[in-house]
Amino acid sequence: MSEERPQNESDEFEEIVGAETDRDPDLAVIEASSRTLRAQSGPPQGDGIPARPADPEVDRALREVEGELARRWPETKLDPSLVRIESLMDILGSPQRAYPSIHITGTNGKTSTARMIESLLGAFELRTGRYTSPHVQSITERISLDGAPISAERFIETYQDIRPYIEMVDAQQEHRLSFFEVLTGMAYAAFADAPVDIAVVEVGMGGSWDATNVIDAGVAVIMPISLDHTDRLGTTPEQIAVEKAGIVKQDATVVLAQQPVEAASVVLKRAVEVDATVAREGMEFGVLSREVAVGGQLLTLRGLGGEYTDVFLPLHGAHQAHNAAMALAAVEAFFGVGSQHARPLDIDTIRSAFASVTSPGRMEVVRRSPTVVLDAAHNPAGARAAAAAVTESFDFSRLIGVVGASDGKDVRGLLEAFEPIFAEVVVTGNSSHRAMDPDELAAIAVEVFGSDRVQVEPRLDDALEAAITLAEEEGEYAGAGVLVTGSVITVGEARLLLGKG
């Protein structure tokens, strides 16, 4: 059981427990049988989005690899089996066991948090590998070394190196390895080849049966759990939490975001089963204070080892502050803070690392006059966070939305989250085969916004032009803006069309 916290520390954490969030922070009701973690006591540059290779031969070879991967099962197809990926790892010599790892799951915030963890570890001079999905613009973004995506040449080489083994596994199994399984194998092989000091790995979907779950991570990070992929993972937070808790391994440390009580209960029960240690946001660590600053926000974070003041984070929104608290606790746990010693990490290193964080496509400004902001929110929880962030951080007199969503998503919930802040919405599509038909999206948008506030432009370039024109109607200095959202793919393609990457 947990030991008693000193009175002054307890008072301080009353503020954290009541911090701004609509996720239930009161996990004390399910604490009884869980063991909780208490303190006993070179950062990447650029936005990390590569352009297409300049060399035509390299570009051709990369397109060939992309084509071969695209002909496999798509990453949206979830098969409850690790047999194929385990077979690939075995034949490759278990590269995923060549380095320690931090594993991240949850519904929203995984990629931003992974990028923060990567920046923190790099600032402490550790060589990092990061595996995230989906990509914003280039498939090579998914596999990063030392804070930057691997080059197209290295991506191609890694694929070619393991292709014979992929084909061997394909021949032995009922179904070929999927797109995501092959990429996961490539990432783990690239990390071992580098070699990295630590891998930061984001789950693709779920947890238990996700291809990434062949690692034995010492730190499991579980971001906020809400409803998404309900056709595959379950229809309640509790059911979804069962899948996501599957990344918690024997004797690991769990860094747990504030959750609905039923979801947290599942995770804590799993922790008891495998004798894992739990650090909970809002109890053992959290955001003590935050204030909007130019280009981001200024934070005071409570970590597992103490307080970290005057931390500038160049990202917008309360959700990013919570992501920062999660990232800090995960890195502290990796370094043994809270279990082996009580000393906080070096504050100057922490400040430098957070100040260098980027997260493309997450409240990212890509144009001025009028201001165009991109955010990859694709479910209601993400949309609510984005709506709060844009309201807090941008003083728009009028906001035009550009929304392109994917089939199978709760688009009504997403649109309802944005309805209070969008004066008008332009619905559109993207180039993905999973894109929702713009007319179907428009029919739902009309029910949410009314027909006079909805415009349909099937082509994304036309939708961007229409939204910018609507924003400009108020005049150059009126302060209108555009928010492009609804899908990572929509945001990535908008980013290219607006001259980024």
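Two strands are said to pair if DSSP finds at least two bridges between them. The structure described here is a predicted model. Its protein chain has 16 helices and 17 strands, and this briefing covers the overall chain, an open sheet of eight strands, the surroundings of strand E1 within that sheet, and a patch of negative charge on the surface.

**Overall chain**

- The protein chain comprises 501 residues, of which 59% count as buried.
- Its accessible surface amounts to about 19,400 Å², and carbon and sulfur atoms contribute 47% of that area.

**The eight-stranded sheet**

- The strands of this open sheet follow the order E4-E3-E2-E5-E1-E6-E7-E8, and their pairing is mixed.
- The edges are formed by strand E4 (148-149) and strand E8 (277-280); each has a single partner strand, so one side of each lacks a neighbour in the sheet.
- In the strand order, E1 stands between E5 and E6.

**Strand E1 and its partners**

- Strand E1 (residues 101-105) pairs with strand E5 (residues 198-202) in the parallel sense, over four bridges.
- Within this pairing, isoleucine 102 lies opposite valine 200 of E5, and serine 101 has alanine 199 of E5 as its bridge partner.
- E1 also runs parallel to strand E6 (residues 219-222), to which four bridges join it.
- On that side, the bridge partner of isoleucine 104 is valine 221 in E6.

**Burial of strand E1**

- Five of the five residues of E1 are buried, so the strand is largely enclosed by the rest of the structure.
- Ser101, His103 and Thr105 point one way from E1, while Ile102 and Ile104 point the other way.
- Residues pointing in both directions are buried, among them His103 and Ile104.

**Negative patch on the surface**

- Four residues, Asp407, Asp437, Asp439 and Glu440, gather on the surface in a patch of negative charge.
- One of these residues, aspartate 407, is located in the loop that lies between strand E14 (398-403) and helix H13 (411-418).
- Aspartate 407 has a relative accessibility of 43%; because partly exposed residues fall between the 20% limit for buried and the 50% limit for exposed, aspartate 407 is counted as partly exposed.

Conventions. Residues numbered from 1 in each chain as written. Predicted model: local features only at pLDDT ≥ 70, side-chain atom pairs only at ≥ 80, totals over all residues. Heavy atoms only, no water. Patch = residues over 30% accessible without salt bridge, like charges linked within 9 Å, V, L, I, M, F, W, Y side chains within 5 Å. Areas by Shrake-Rupley, 256 points an atom, 1.4 Å probe, with all protein chains shown as cover. Salt bridge = Lys/Arg side-chain N within 4 Å of Asp/Glu carboxyl O. Lys, Arg positive; Asp, Glu negative; His and termini not counted. Charge placed at Lys NZ, Arg CZ, Asp CG, Glu CD. Helix = DSSP H or I, 4+ residues; strand = E, 2+ residues; numbered from the N terminus. Buried < 20%, exposed > 50% of the residue type's maximum accessible area, 1.4 Å probe, protein only.
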